[in-house]
Each structure stands twice: as C-alpha cells, then as structure tokens.
Amino acid sequence: MGSTSRHEMDLAIKVKEELKNCTDPVEKIRLTALSRGPGGIKHIGLVFRNMDDDRSGQISFPEFKKGVSDIGCVLTKEELKAAYEAIDTDNSGSIDYEEFLLHLRGKTLNKKRENLVQRAFEKLDKNRSGTITVEDLQGVYDVTKHPKVISGQWTEERALESFLANFDTPDNPDGTVTKEEFYGYYAGISASIDNDAYFALMMENAWK
C-alpha cells in the first residue's frame, strides 16, 4: 500500500472517531471536509469560492450556511451562528474567504509544518508565478522510474501531469496548482500524521 493510501485510511478512521465526540461547530466543518480525504480542505475552498459570485472575497451568512450544507455538514441553527461568529473575529458581519481557509487549515498545519509546505512550494514554483505547472516539476520530480513510463504507456510529461493532478482541485482540473491547492492538499495529509518529525521526514523525502 502506498503512503498516500495509508494516510487516507488513517485519516478516515481518525476523522470518524473525532466527529463522534465533537461539539465545536467550526471543528465539525473541518472534520466533515477532511472526511472526504486529504483533498477535503481543497474541496471546501472551491465550494465557497464558487459562491463568491462578485469575487469580493467575502462570505455572507447565507453563503456560509449553503456552503456548510453543500459539503454535507449538518449543523443546527445555533451551531451555524456560533461557527460564523467564531470565524468572523472582527464582527464585520462577513467572513474573509482567505481567513476562513486559514482558520480550517490552522488546525492541521502548525507553524512548523506550514514552513515545510511553504519551502516545498517555493522550491517547485521556480518562476515565482504563484502556481505550479508541469514545467516547474521537470527536473525536480523524477518520473523515469514510473511503471507506465518504463512500459512506454506514458510519456514523462503525462506522468508529471498525473502526479500534478493529486494536488489540483478535482472539480477544477486546470493543470496548474495554486498555493491554496498545495497547502490544502498537505493540510489534509497533515491531519492524519500526529508526529511533526514524521511529517518533516515525509516532506523532505518527497521534495529533496
């Protein structure tokens, strides 16, 4: 079993157990997102971003309520209100989209882990465009030993595209990975790893 599959199984078990006893409504949202797997934080980001029709970067309470429902999180009216108010720290009556994602990610990526993810992203984003493409991966991620490359089924570029798809948002596969998607992916992986040293080793092995 690959390490990603193992992390997905560990995460599913951990989330299921934590949801049973969870009383914090914000934590319920985070756990529900993670129940989709390591990409859950990415998915919830896409759900809320798509609701921001005017691209204001703000999430109103009706948008928040619909978004929570759309990811399958069941909260009472009181819990919805409490969750919204907990994230709306400046009492402005709306939630900043980026702050919302940081709030969810912060529970799974502590400062030490976030720094590791930041360094990995900066290493990959060679042209400092703010996104990672197949061109960025060339020379950094070795796919020559991939079984389908060896057999001739895939070109090296096709193998790189397949690898990149792990980070890309499933409902928005555009072939580029934003910083938000990269962080979201590792926030999900991080949720299944309790030990900081093990997370650091995993990152170092992946992005030497």
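Helix α5 and its surroundings open this account of a predicted model. The buried residues of α5 are covered by elements that include α2 (25-34), β1 (58-59), α4 (61-70), β2 (95-96) and α6 (97-105). Helix α5 itself spans residues 77-87, and its buried residues are Glu79, Leu80, Ala83, Tyr84 and Ile87. Viewed down the axis of α5, these buried residues fall within an arc of 130°, so they line one face of the helix. In general, an α-helix has 3.6 residues a turn, so residues three or four places apart point the same way. On the other side of α5, Lys77 and Glu78 are exposed.

One residue of the buried face of α5, Tyr84, also takes part in an aromatic pair. The rings of Phe61 and Tyr84 have centres 5.3 Å apart and planes at 85°; because planes over 60 degrees apart count as edge-to-face, the pair is placed in that class. The pair links distant parts of the chain, with Phe61 in helix α4 and Tyr84 in helix α5, 23 residues apart. The accessibility of the two partners is set out below.

| Residue | Relative accessible area | Class |
|---|---|---|
| Phe61 | 32% | partly exposed |
| Tyr84 | 6% | buried |

In total there are five aromatic pairs. Elsewhere in the chain, ring pairs join Phe121, Phe182, Tyr185 and Tyr186 into a cluster. A charged side chain also meets an aromatic ring: Arg158 lies over the face of Trp154, at 4.4 Å from the ring centre.

The largest nonpolar core contains 58 residues, of which Ile29, Phe64, Phe100, Phe182, Tyr186 and Trp207 touch the most other members. Helix α11 (residues 179-190) supplies the largest share of this core, six residues. Such grouping follows a general tendency: in soluble globular proteins, nonpolar side chains tend to be buried together. Trp207 has contacts beyond its neighbours within four places in sequence, namely with Ala120, Lys123, Leu124, Leu137, Tyr141, Phe163, Phe167, Phe182 and Tyr186.

For the chain as a whole, the secondary structure comes to 12 helices and four strands. Of the 208 residues, 44% are buried. Among contacts with a separation of 6 or more, 60% are made by residues 24 or more positions apart. The chain exposes about 11,100 Å², and carbon and sulfur atoms supply 50% of that area.

Note on methods
Residues are numbered from 1 along each chain as its sequence is written. This is a predicted model: local features need pLDDT of at least 70, side-chain atom pairs count only at pLDDT 80 or more; totals for chains, interfaces and linings use all residues. Side-chain values use heavy atoms; hydrogens and water are left out. A nonpolar core is a set of buried Ala, Val, Leu, Ile, Met, Phe, Trp, Tyr and Cys residues joined through side-chain atoms within 4.5 Å. Buried means under 20% relative accessible area, exposed over 50%, partly exposed in between (1.4 Å probe, protein chains only). Helices (H or I, at least four residues) and strands (E, at least two) are DSSP runs, numbered from the N terminus. Contact means heavy atoms within 4.5 Å. The arc is that of the directions from the helix axis to the C-beta atoms. Rings of Phe, Tyr and Trp (its six-membered ring) pair if their centres lie within 6.5 Å; planes under 30 degrees apart count as stacked, over 60 as edge-to-face and the rest as tilted. A charge sits over a ring if NZ of Lys or CZ of Arg is within 6 Å of the ring centre and within 35 degrees of the ring normal. Accessible areas come from the Shrake-Rupley method with a 1.4 Å probe; for residues, only the protein chains shown count as cover.
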